[in-house]
Amino acid sequence: MTTTPSISLDPGGAAHAAPPEAIEAATAPAPVAGSGVGDYIALMKPRVMALVVFTGLAGLVAAPVAMNPLSAAIAILCIAVGAGAAGAFNMAYDADIDAVMKRTRRRPVPTGRVPRSEAYTFAGVMSLASVLLMGMATNYVAAGLLAFSIAFYCVIYTMWLKRLTPQNIVIGGAAGAFPPVIGWAAATGSVSMDAIILFAIIFLWTPPHSWALALYKSGDYAAASVPMMPVARGAKSTRIQILIYTALYLAATAGPLVTGLGGWMYAIAAGLGGALFALLALRVHASRAGDTPGAEDELYAVRAGDKSARDLFAYSIAHLSLLFAALLVEHGAGAYWPLPGGAG
């Protein structure tokens, strides 16, 4: 069993944390013999992959062109593998800071169960395979978008923005917004206004989702010198910005109703589900979540004062899933009923 050395930190946040070189030296993992299949599955961030695959599938099914089932299955597989490749690269590159954070220190690379070089190789092979297979099975537009989204996540977000600016997940969130566009392009060979609206929904969903997590894990991010918004600008500013981005996100969810992509089922998910999202964001704004840096071990573990942030984080996943599930059922199961006066 390996242990992770602790690093003494002042409570002032990233500005007072240990320099990256010291973190990496202090947290270098002891060699561990052998890597299991489960380690490589964990390397692909299966929780993130699940949402990526789901939104990609919804984009593919909602597109106005029916795909050959085999080609559609291959397209979804490519989206999943591409997302897993990006996640593996992220884990390899961020192994030094993952080792410092309680929530991530048991990941395969920081514990030494998967050597960093093998994680990079794994990510590279899967990236190449997913893009090539997407190009052969569907079209070059979808393959190009998949390649761009992988590169964006690895280079723009992971290597550049994540350790540089509190706007890291605002800009970097674009990488996670591509799957429904890729699914749409796989079916149609093009990108339409509806696909762009689906992109915008996820892009604007990412800040309140990620910052809610950052509020109750800010101690982790400060220890690792990652300038997430609560660390760089404080909890109060983060709570205000969560509210602002929630309003923008909910406005974007109305887009499919305007164009006719979403019917009655989607309208209910966007309306009632969005109302609950707004209430939870208001609850976070009125709370003192994040005022005292927290860093519990498990993803949903939280102290009493931060529960509102944890609740918003958990519900945000449910609401995004609900929206895309509505589109999936409406267009995939023949349950689409247009709204009166809608474009559909």
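## Aromatic rings

Rings of Phe, Tyr and Trp count as a pair if their centres lie within 6.5 Å. In this predicted model, the rule gives a count of 12 aromatic pairs. One of them joins Trp 211 and Tyr 245, whose ring centres are 5.6 Å apart and whose planes meet at 80 degrees. Planes over 60 degrees apart count as edge-to-face, so the pair of Trp 211 and Tyr 245 is edge-to-face.

This pair links distant parts of the chain. Trp 211 belongs to helix H11 (residues 193-216), while Tyr 245 belongs to helix H14 (residues 235-252), and 34 residues separate the two in sequence. Both Trp 211 and Tyr 245 are buried. Elsewhere in the list of rings, one aromatic cluster is formed by Phe 148, Phe 152, Phe 178, Phe 199 and Phe 203.

## The protein as a whole

The protein has 17 helices and zero strands. Its chain holds 344 residues, and 52% of them are buried. The accessible surface comes to about 14400 Å², with 68% of this area belonging to carbon and sulfur atoms.

Contacts can also be sorted by separation along the chain. Of those between residues at least 6 apart in sequence, 76% join residues at least 24 apart.

## Helix H3

Helix H3 covers residues 46-62, which is 17 residues. At 1.5 Å a residue, the helix should span 24 Å, and its end C-alpha atoms are 24 Å apart, so the expected span and the model agree.

Several residues of H3 are buried, among them Met 49, Leu 51, Val 52 and Thr 55. Gly 56, Ala 58, Gly 59, Leu 60 and Ala 62 are buried in H3 as well. The buried residues of this helix pack against helix H4 (69-93), helix H10 (179-188), H11 and H17.

## Two residues: one buried, one exposed

Ser 316 is found in helix H17 (residues 307-332). Its relative accessible area is 0%; the limit for buried is under 20%, so Ser 316 counts as buried. Apart from neighbours within four places in sequence, Ser 316 is in contact with Trp 205, His 209 and Phe 277.

Arg 233 is located in helix H13 (residues 229-233). Its relative accessibility is 53%, and the limit for exposed is over 50%, so Arg 233 counts as exposed. Arg 233 and Pro 166 are 67 residues apart in sequence, yet their C-alpha atoms are 7.9 Å apart in space.

Conventions:
Residues numbered from 1 in each chain as written. Predicted model: local features only at pLDDT ≥ 70, side-chain atom pairs only at ≥ 80, totals over all residues. Heavy atoms only, no water. Helix = DSSP H or I, 4+ residues; strand = E, 2+ residues; numbered from the N terminus. Buried < 20%, exposed > 50% of the residue type's maximum accessible area, 1.4 Å probe, protein only. Contact = heavy atoms within 4.5 Å. Phe/Tyr/Trp six-rings, centres within 6.5 Å; stacked < 30°, edge-to-face > 60°. Areas by Shrake-Rupley, 256 points an atom, 1.4 Å probe, with all protein chains shown as cover. Expected span 1.5 Å × (residues − 1).
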